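Me: Could you take a close look at one part of this model for me, the strands of the second chain and the loops tied to them? I would like one connected account.

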Amino acid sequence: MTGIDMKVNIAGVELKNPVAVASGTFGFGHEYNNFYSLNELGAICVKGLTVKRREGNPPPRIAETPAGILNSVGLQNPGVDSFIANDMPFLREFDIKIIANISGNTIDEYCEMAEKVSAAGVDMIELNISCPNVKAGGMAVGTSCNMAAEVTSAVKSHSSVPLMVKLSPNVTDITEIAKSVEDAGADALSLINTILGMRIDIKSRRPIIKNNMGGLSGPAVFPVAVRMIWQVSNAVKLPILGMGGVSSGEDAVEMMLAGASAVAVGTACFADPFAPIKVRDGINSYLVENSIPAASNLTHGVLPW
Amino acid sequence: MSSVYNCPVISCTMLNCTCADIRVFAPEICGEAVPGQFVHIKCDGLTLRRPISICDVDGAVLRLIVDSRGKGTEWLVSRKKGDILDILGPLGHGFDCSGESILVVGGGIGVPPLLYAAKKASDSCAVIGFRSEDQAILLGDFSQACRAIHIATDDGSLGHKGFVDHLARLKLESEHFDRVLACGPTPMLRSVAKVCEEMNVPLQVSLEERMGCGVGACLVCACKTKADNEEGFVHSHVCKDGPVFDANEVIWE
Ligand SMILES: Cc1cc2nc3c(=O)[nH]c(=O)nc-3n(C[C@H](O)[C@H](O)[C@H](O)COP(=O)(O)OP(=O)(O)OC[C@H]3O[C@@H](n4cnc5c(N)ncnc54)[C@H](O)[C@@H]3O)c2cc1C
Ligand SMILES: Cc1cc2nc3c(=O)[nH]c(=O)nc-3n(C[C@H](O)[C@H](O)[C@H](O)COP(=O)(O)O)c2cc1C
């Protein structure tokens with residue numbers, strides 16, 4: 001790794017390398033820390049938190065697709081207070097940026113959580129207004145410019161750490177939402193959340209997922225994610241945490257060239273728990289081979305026709 | 001610690017039309033494996049790994065029985081000697097095989113994980129069921145591992161005609177067992193749970209659910225277990241909290 005500067009900066013938060021792990025695919029880090037130290041990663045976006053404990057949707061919650069998966073977990077989590085009491089102390093033992101992913105049913109709930117996680121010492125808040133698997137809040141907020149702006153500015157005034165808003169790809173024009181939340185005071189953007197999809201078992205005529213529909217992730221969504229990151233980075237000035245199907249160093253470089261300052265690895269962990277480490281090392285190799293001194297030089301480096 | 005290992009296939013032989021007996025060299029996994037745990041295997045071209053129970057451990061040789069039911073398992077049963085399998089494991093919580101005598105009750109592809117459990121127990125008897133004689137597997141292995149084995153088939157082509165819960169009841173009426181360990185389709189497990197409850201014998205069951213990560217991070221493989229809260233249940237996870245649960249914790253749907 002000698003001579004290469006892997007540090008990147010998102011809204012004033014410095015990540016020691018440009019690889020984070022995506023919310024909901026990595027829990028609170030306990031499990032994968034048995035495979036390698038969390039110190040290896042730039043940041044962790046923790047499982048989506050809600051004010052109260054949620055048991056989530058009934059199973060089956062997953063279906064395989066060509067080069068991807070559909071999931072409908074429905075934000076199962078122990079609640080924000082339990083996270084702060086039981087998981088924050090563990091995460092703080094590591095040299096890793098902690099990004100709290102929060103989901104509310106109401107603006108008040110979002111604000112309450114923002115205050116709590118700010119006080120608990122997270123490094124950044126990821127505002128989840130794009131979960132396709134819950135009835136209230138979630139994607140309904142993230143697909144309306146007005147609602148997205150309203151919740152962003154409300155939460156901003158209750159946060160003492162940078163606020164990153166996670167965008168839904170289930171919209172006609174993602175740049176409109178991006179501009180609305182930028183105007184409303186967001187400090188960064190993360191994209192993409194999952195793309196709403198469905199699979200049906202043709203023998204039973206039943207959807208494979210109990211909730212009928214689920215969110216598509218994995219390599220299948222990668223080109224959509226790259227396109228949206230490119231469009232958004234052309235439309236706003238905010239730094240972007242890119243995600244959606246990243247499973248190699250090459251994917252990460254491509255996503256950064258499209259406009260991401262850093263990437264998050266999600267579904268790829270299921271096939272290979274070491275995927276985030278391999279992505280990090282792959283970025284490093286690319287930089288070495290191409291004599292690029294710093295990872296941050298990649299951001300928005302695409303040369304469009 | 002469970003991790004990812006590249007394991008050479010030592011042999012892969014068909015036991016009947018759909019089931020393969022796969023032996024791989026996996027010293028690290030074998031060194032840690034507990035009966036009832038599973039491994040998560042990468043299959044060519046597929047996004048998700050496939051969960052397969054540990055059937056037996058012999059030194060550094062891990063034995064898996066795979067029934068071909070779809071793309072992933074079809075690929076697995078067609079492996080050849082010398083191929084490398086990318087295996088994550090061992091994973092999950094296994095069976096408690098302590099005590100003086102154990103009854104294992106299995107149905108179909110739920111039978112294999114009970115073999116290692118039967119071997120680890122100081123004394124065991126087996127009740128195992130299959131659809132028909134041509135589906136029956138591991139009879140010799142169970143005969144060797146157990147003091148007695150009792151077989152049921154749905155069509156009566158081998159052993160008792162009918163289901164394993166009936167044989168399990170007869171067995172429990174005639175002898176004392178410290179514990180029953182069961183694996184198989186959910187309706188079978190539910191019936192065995194009823195028998196054990198009536199006979200007042202502790203039961204552990206191994207559950208199946210569609211999985212993502214296999215290590216407890218993605219929360220996909222949910223199953224309802226009893227809890228002292230408003231809803232009366234929590235969603236536990238088969239990969240991390242299970243696959244083996246105490247039957248009295250499980251809420252049968
Ligand atoms: C803890 C555990 C232990 C298991 N042990 C064994 C074993 O020892 N031998 C054996 O032959 N089978 C076992 N199974 C079942 C086996 O995992 C499935 O048959 C297999 O995943 C099917 O994959 P496929 O690609 O062939 O089928 P497909 O239908 O193409 O699979 C599509 C998706 O559904 C999932 N899926 C389908 N059926 C099941 C199922 N019954 N359980 C969980 N996921 C499923 C697959 O993993 C995959 O993600 C076990 C399952 C679990 C959960
Ligand atoms: C099982 C699963 C659970 C997820 N849970 C959340 C969540 O709680 N909050 C959230 O913002 N995104 C969640 N996501 C979306 C991911 O964070 C990510 O945006 C998406 O999966 C795309 O990245 P990937 O293709 O690398 O997985 C989840 C994704 C998966 C697969």
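Reply: Happily; what follows starts with chain B as a whole, turns to its strands, and ends with some backbone details.

This is a predicted model, so a word on the ground rules: local features need pLDDT of at least 70, side-chain atom pairs count only at pLDDT 80 or more, and totals for chains, interfaces and linings use all residues. Residues are numbered from 1 along each chain as its sequence is written, chains are lettered from A and ligands numbered from 1 in the order in which they are written, and side-chain values use heavy atoms, with hydrogens and water left out.

Chain B holds six helices and 16 strands, where helices (H or I, at least four residues) and strands (E, at least two) are DSSP runs numbered from the N terminus. Its radius of gyration is 17 Å, close to the 18 Å that the globule rule gives for 253 residues, so chain B is as compact as a globular protein of that length. (The radius is taken over C-alpha atoms, and the rule is 2.2 Å times the number of residues to the power 0.38.) Along the principal axes, the C-alpha atoms of chain B fill a box of roughly 50 × 50 × 30 Å.

Of the 253 residues of chain B, 54% are buried; that means under 20% relative accessible area, with exposed over 50% and partly exposed in between (1.4 Å probe, protein chains only). Among contacts (heavy atoms within 4.5 Å) in chain B between residues at least 6 apart in sequence, 59% join residues at least 24 apart.

Now to the strands, which pair if DSSP finds at least two bridges between them. Strand E1 (residues 3–14) of chain B has two antiparallel pairings to look at. One is with strand E7 (residues 84–91) of chain B, through six bridges, and here Ser3(B) stands opposite Gly89(B). The other is with strand E2 (residues 19–25) of chain B, over five bridges, where Ser11(B) faces Arg23(B). A hairpin of four residues links E1(B) to E2(B).

Further along, strand E12 (residues 179–183) of chain B runs parallel to E13(B), joined by four bridges. Val180(B) has Leu203(B) as its bridge partner in E13(B). In a regular strand the side chains alternate between the two faces of the sheet. In E13(B) both faces are covered: Leu203(B) and Val205(B) on one side, and Gln204(B) and Ser206(B) on the other, are all buried.

The loop between strand E13 (203–206) and strand E14 (222–226) of chain B holds Leu219(B). Most residues other than glycine have a negative phi, and most peptide bonds are trans. Leu219(B) has a positive phi of about 65 degrees although it is not a glycine, and at 18% relative accessibility Leu219(B) counts as buried.

Another loop of chain B, between strand E15 (233–237) and strand E16 (244–246), is the place of Pro243(B). A cis peptide bond, with omega about 10 degrees, joins Gly242(B) to Pro243(B).

Chain A offers examples of both kinds of feature. Arg205(A), not a glycine, has a positive phi of about 60 degrees and sits in the loop between strand E12 (200–201) and strand E13 (206–207) of chain A; at 72% relative accessibility, Arg205(A) counts as exposed. Leu191(A) and Ile192(A) share a cis peptide bond with omega about 15 degrees, and Ile192(A) lies in the loop between strand E10 (188–191) and strand E11 (195–198) of chain A.
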